[in-house]
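Visitor: I would like a close look at how the helices of this chain pack against one another, together with the residues that line those contacts. Please take the helix pairs one at a time and then turn to the single residues that deserve a second glance.

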Amino acid sequence: MKEDLLFYKEYEDFYAMAKQSKAFEAFCRDAFGEDFSQDGFSDVAQIDMILKYIPKRENVHILDMGCGNGKMLKYLQEKTGAFIHGFDYSEEAIETAKTRYPEKSEFRQGIIGEIEYPAESFDVITSMDTMYFAQDMTAFVAQVKRWLKPGGVFFAGYQEGDVMPKTECVETTEIAKALTANGMDYEVFDITKQTYDLLRKKREAALAHQAEFEAEGNQRWFDMLMYQTECSCEPFEEFAGQMARYIFVVDETCVMRHNGYCATKS
Ligand SMILES: C[S@@+](CC[C@H](N)C(=O)[O-])C[C@H]1O[C@@H](n2cnc3c(N)ncnc32)[C@H](O)[C@@H]1O
């Protein structure tokens, strides 16, 4: 039952708050540059990185796994004209997405490891701060590989130090091991420092909107933001000892390189 899954009730409450809170919308715009109802760490610069992987032609299909209320997908659609697909286990989030963004879209309530799509459905698959909810990461990545069209791109934001324990290096992260096990070469960007800076910005933005959160009766979410960003009050060196954040890109036109270097296959 989805109600028994990690954080299910919290995410239902979170997306109910995000649907009506002006304070949260303003907070997201200040912290991330755009309001995508983020519960993660995806500022608009990271989301804009996805744009270069979306082909500029008709009939392009993109999937966001853990899409929340679909705002980020809608942004990508506005920029590219793509057909957007998203799934998330939150009923609240998916109902909002379906109501707000009915054009050229398909939103499904679904659980990682249970939801299925036909093989070779998508040109681009994205997942920001959601992969770590997979019970079996290798099996989930195998599904992603199957769902991608030949030459398709997989783009994932992934963090260690909260849901996933921090490991030694990129290669020892669960997602890297799962990609390797599935024979998927990846390019990786270490964005730990950007994430630290973003957390500091989130904290500043939350404090700037504290009174509005309180006036709306949303003190709980202000408190959550304070808790979530507390680690950014430490010096960066201490933070980096406990947290790491990466963007993984699987793009068949690239060979595996670390720290963002990408060489096109000849
Ligand atoms: C950390 S949030 C990230 C949301 C959004 N992608 C972002 O970057 O702000 C994780 C998302 O995954 C969803 N989620 C958590 N566990 C899930 C599961 N087992 N199956 C499907 N979705 C799940 C949550 O509802 C939430 O929308």
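Guide: What follows goes through the helix pairs, then a helix with its surroundings, and then a few single residues.

The model is a predicted one, and its confidence should be kept in view while reading the rest: the mean pLDDT of the chain is 94, with 95% of the residues at 70 or more. Residues 262-266 are a stretch to treat with care, since pLDDT stays under 50 there, although the model does give this stretch eleven contacts beyond four places in sequence.

Two packed helices are described by the angle between their axes and the distance between the axes. For helix α6, residues 137-147, and helix α7, residues 174-181, the axes come within 8 Å and the crossing angle is roughly 55°, an angle that falls outside the parallel, antiparallel and perpendicular ranges, and the two helices are therefore oblique to each other. The crossing in which α6 passes α7 is right-handed. On the α6 side the contact is made by Met-137, Thr-138 and Val-141, and these meet Glu-174, Ile-175, Ala-178, Leu-179 and Ala-181 of α7. Sorted by class, this contact between α6 and α7 comprises six nonpolar residues, one polar and one charged.

Helix α1, residues 8-20, and helix α5, residues 91-100, form another pair, with axes that come within 7 Å and cross at roughly 35°. Here α1 contributes Tyr-8, Glu-12, Tyr-15, Ala-16 and Lys-19, while α5 contributes Glu-91, Glu-92, Ala-93, Thr-96 and Arg-100. The class count for the contact of α1 with α5 is four nonpolar, one polar and five charged residues.

In the pairing of α2 with helix α8, residues 192-208, the axes come within 8 Å and cross at roughly 145°, and the crossing is right-handed. Phe-27, Asp-30, Ala-31 and Phe-32 of α2 make this contact with Leu-198, Lys-201, Lys-202, Ala-205 and Ala-206 of α8. By class, the contact of α2 with α8 holds six nonpolar and three charged residues, with no polar ones.

Helix α2 also belongs to the surroundings of helix α3, residues 44-51, whose buried residues are Val-44, Gln-46, Ile-47, Ile-50 and Leu-51. The elements that cover these buried residues include α2 (22-32) and α4 (71-80), as well as the strands β4 (122-128), β5 (148-160) and β7 (244-251).

Among the single residues, Ser-37 lies in the loop between α2 and α3 and has a positive phi near 50° although it is a residue other than glycine. With a relative accessibility of 2%, Ser-37 counts as buried. Phe-7, which sits in the segment before α1, likewise is not a glycine and has a positive phi, of about 65°, but Phe-7 is partly exposed, its relative accessible area being 35%.

Gly-161 is placed in the loop between β5 and α7, and at 34% relative accessibility Gly-161 is counted as partly exposed. Apart from its neighbours within four places in sequence, Gly-161 is in contact with Lys-166, Gln-242 and Met-243. The C-alpha atom of Gly-161 is separated by 33 Å from that of Lys-98, a residue 63 residues apart from Gly-161 along the chain.

Definitions and conventions:
Residues are numbered from 1 along each chain as its sequence is written. This is a predicted model: local features need pLDDT of at least 70, side-chain atom pairs count only at pLDDT 80 or more; totals for chains, interfaces and linings use all residues. Side-chain values use heavy atoms; hydrogens and water are left out. pLDDT is the predictor's confidence in each residue, from 0 to 100. Contact means heavy atoms within 4.5 Å. Axes are lines fitted to C-alpha atoms, for helices over the stretch in contact, and angles run from 0 to 180 degrees between N-to-C directions. Helices (H or I, at least four residues) and strands (E, at least two) are DSSP runs, numbered from the N terminus. Angles under 35 degrees count as roughly parallel, over 145 as roughly antiparallel, 65 to 115 as roughly perpendicular and the rest as oblique. A crossing is left-handed if the near helix is turned anticlockwise from the far one by less than a right angle, and right-handed if clockwise. Ala, Val, Leu, Ile, Met, Phe, Trp, Tyr, Cys and Pro count as nonpolar, Asp, Glu, Lys and Arg as charged, and the others, Gly among them, as polar. Buried means under 20% relative accessible area, exposed over 50%, partly exposed in between (1.4 Å probe, protein chains only).
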